[in-house]
Amino acid sequence: MVHDVAIIGAGIIGTSLARELTRYKLKVVILEKLPDVAMGATKANSAIVHGGYAEGHETLKGRLCFEGRRRFRELEDELKFGFSETGSLLVSLDDDLEPLERLLESGIRNGLDDLSIIGSEEIRKLEPNITQEVKNALLCKGAGICSPYGMAIAMAENAVENGAEIVLSAEVTGIESENEILNLVTDKGDFQASFVINCAGVNSDKVARMAGADGFEILPRSGEYLLFAKGTGKLLDHVVFQLPTAMGKGVLVTPTIHGNLLIGPDASEIDDREDTSTHAERLENVYNQAKKLYPDIDGETFLRSFTGIRARSSTGDFLIGPSNIKGFINAAGIQSPGLTASPAIARMLVGILEKEGLKLEPENSFNPFRKVVEYSPKDLPYREVDRLSKLPAGSRERIVCRCEQVTEGEIADSMERGIAVTTVDGIKRRTRAAMGWCQGAFCRARIAETMERLTGELPDGSYDIERSGVSRVGKHDFLDFLKARKEE
Ligand SMILES: O=P(O)(O)OC[C@H](O)CO
């Protein structure tokens with residue numbers, strides 16, 4: 001079968017595009033080299049829906065950010081992935097208003113209508129726990145937070161419900177072009193398509209080279225983060241940024257959509273695109289920068305560290321458009337604000353495909369709503385959690401993850417939404433099992449055993465095991481490190 005469109009990469013761009021394309025009578029396939037969707041930059045970033053003032057109007061980043069942001073409310077209503085318009089504050093600790101005014105102007109040029117500069121009194125009304133040192137801030141009322149992997153999973157599930165196909169663990173290893181058809185060689189067989197969209201994130205330059213479409217490079221830049229325990233997000237209500245630098249937007253402080261405190265990222269150019277290890281010294285720097293803004297951040301509540309890799313392009317901007325190879329289209333260099341811009345990028349790509357000759361005939365049966373999983377209340381008293389966790393295996397009410405109070409029924413439901421879930425981490429991203437204080441020490445084996453009972457097969461542990469081998473600074477290591485620093 002020749003597909004109309006094959007998408008390489010199931011991150012937020014690939015999945016958003018697939019869903020957008022299912023509005024039309026088209027045969028669409030996503031090929032993803034990893035065993036689940038959303039496993040690259042989409043799962044490890046700041047989870048921010050940016051205002052859209054930080055990048056200039058001359059860039060695609062600047063033009064597409066606000067356009068994407070404007071679609072988030074509607075998308076959340078349809079797909080329920082988790083989005084909240086918290087608003088953002090870009091704060092300055094000195095009296096110089098010039099940098100804030102420049103960003104305000106840039107935002108206005110990008111079409112924003114919800115920006116204002118406010119002084120310290122108003123800032124402290126909005127953010128009572130912020131440092132007394134704060135002088136001025138750029139307030140963006142409509143910025144917010146979301147679950148980025150939740151969004152990509154929702155996009156993918158809805159795309160599949162509307163007829164798209166997803167093939168996981170299918171790494172593209174060769175691309176040949178013959179008679180205006182592109183042939184993609186993968187370890188799951190060959191796939192033919194009239195159009196191929198390269199959404200391969202940090203590997204998009206390698207994929208482009210495979211097709212013979214050159215002209216850009218990905219220069220990966222890593223960013224390290226610290227995530228704190230559930231409930232710690234109460235410290236603040238907005239996303240709080242500092243003034244940007246040449247290396248990016250700088251360390252931000254934010255609540256997550258699930259109520260954790262998140263701080264980061266720093267920025268460092270790296271050679272190894274797969275290296276998501278974290279380092280005590282870098283984390284300490286992030287921690288100290290965040291503490292300058294919020295002195296009450298408590299290291300004792302640190303939960304885990306992680307690293308995201310920005311797919312920075314050699315031009316510094318998004319690279320979206322046709323290439324020198326007929327039918328091969330790039331959506332590359334998608335770093336911040338890529339998540340916010342993703343709905344606009346998906347629409348832009350549909351427009352490019354149409355211009356390149358793809359016929360778009362509306363599919364009247366397109367259903368924009370995702371089947372939503374109803375989660376049980378998450379604040380059960382301890383005795384009830386204990387009772388429910390001792391129910392016999394196989395009962396839907398049995399609690400599998402005590403920290404996040406996730407039941408066997410929720411795990412079962414998350415596996416029946418059109419995408420094969422074959423890893424424990426896949427369950428984690430869909431249900432929050434193993435996201436809590438114990439970080440899976442109690443429930444990982446129980447999740448695996450539940451998955452085996454439901455499918456007859458033990459989950460593929462190889463990927464989880466391989467990733468857990470990556471060195472990440474853990475709770476106790478970091479606290480010991482900070483203690484030793486104090487004693488120095
Ligand atoms: O440092 P940047 O500019 O890549 O931005 C990182 C942001 O926090 C991502 O949302």
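**The ligand and its surroundings**

The side chain of Arg 310 brings an N or O atom to 2.6 Å from an oxygen atom of the ligand. In this predicted model, the protein covers 89% of the 310 Å² of accessible area that the ligand has on its own. Two further residues make contacts of this kind. In Ser 46, a side-chain N or O atom is 2.7 Å from a ligand oxygen atom, while Lys 249 uses a backbone N or O atom, placed 3.0 Å from an oxygen atom of the ligand.

A wider look at the site adds the rest of the shell. The ligand is surrounded by Ser 46, His 50, Gly 248, Lys 249, Leu 252, Pro 265, Arg 310 and Ser 336. Sorted by class, this shell holds two nonpolar, four polar and two charged residues. Two domains contribute to the shell, with at least three residues coming from each. Domain 1 is made up of the segments 1-82, 144-215 and 315-372, and domain 2 of the segments 83-143 and 219-310.

Two members of the shell also take part in cis peptide bonds. Pro 265, one of the residues around the ligand, is joined to Gly 264 by a cis peptide bond with omega near -5 degrees. Pro 265 sits in the loop that runs between β16 (261-264) and β17 (268-269). Ser 336, likewise part of the shell, is linked to Pro 337 through a cis peptide bond with an omega of about 5 degrees. Here the proline, Pro 337, belongs to the loop between β20 (328-332) and α9 (338-355).

The backbone has another local feature to point out. Ala 38 is not a glycine, yet it has a positive phi of about 65 degrees. Ala 38 is found in the loop between β2 (28-31) and β3 (48-49).

The UniProt record helps to place these details along the chain. An unreviewed entry there lists "domain: FAD dependent oxidoreductase" at residues 4-350. In the model, this span is 28% helix and 28% strand, and its end C-alpha atoms lie 12 Å apart. The feature "domain: BFD-like [2Fe-2S]-binding", also from an unreviewed UniProt entry, is placed at residues 399-452. Over residues 399-452 the chain is 44% helix and 9% strand, with 16 Å between the end C-alpha atoms.

Finally, the confidence scores can be read alongside this picture. The protein chain averages a pLDDT of 94, and 97% of the residues score at least 70. For the model, ipTM is 0.90 and pTM is 0.96.

Notes
Residues are numbered from 1 along each chain as its sequence is written. This is a predicted model: local features need pLDDT of at least 70, side-chain atom pairs count only at pLDDT 80 or more; totals for chains, interfaces and linings use all residues. Side-chain values use heavy atoms; hydrogens and water are left out. UniProt positions are given in the numbering used here, feature names are shortened, and annotations may be inferred rather than shown by experiment. Helices (H or I, at least four residues) and strands (E, at least two) are DSSP runs, numbered from the N terminus. A residue is near a molecule or strand if one of its heavy atoms lies within 4 Å of it. A polar contact is a pair of N or O atoms within 3.5 Å; within protein, one must be able to donate a hydrogen and the other to accept it, and residues adjacent in sequence count only if both atoms are side-chain atoms. Accessible areas come from the Shrake-Rupley method with a 1.4 Å probe; for residues, only the protein chains shown count as cover. Ala, Val, Leu, Ile, Met, Phe, Trp, Tyr, Cys and Pro count as nonpolar, Asp, Glu, Lys and Arg as charged, and the others, Gly among them, as polar. Domain bounds come from an automatic or database domain assignment. pLDDT is the predictor's confidence in each residue, from 0 to 100.
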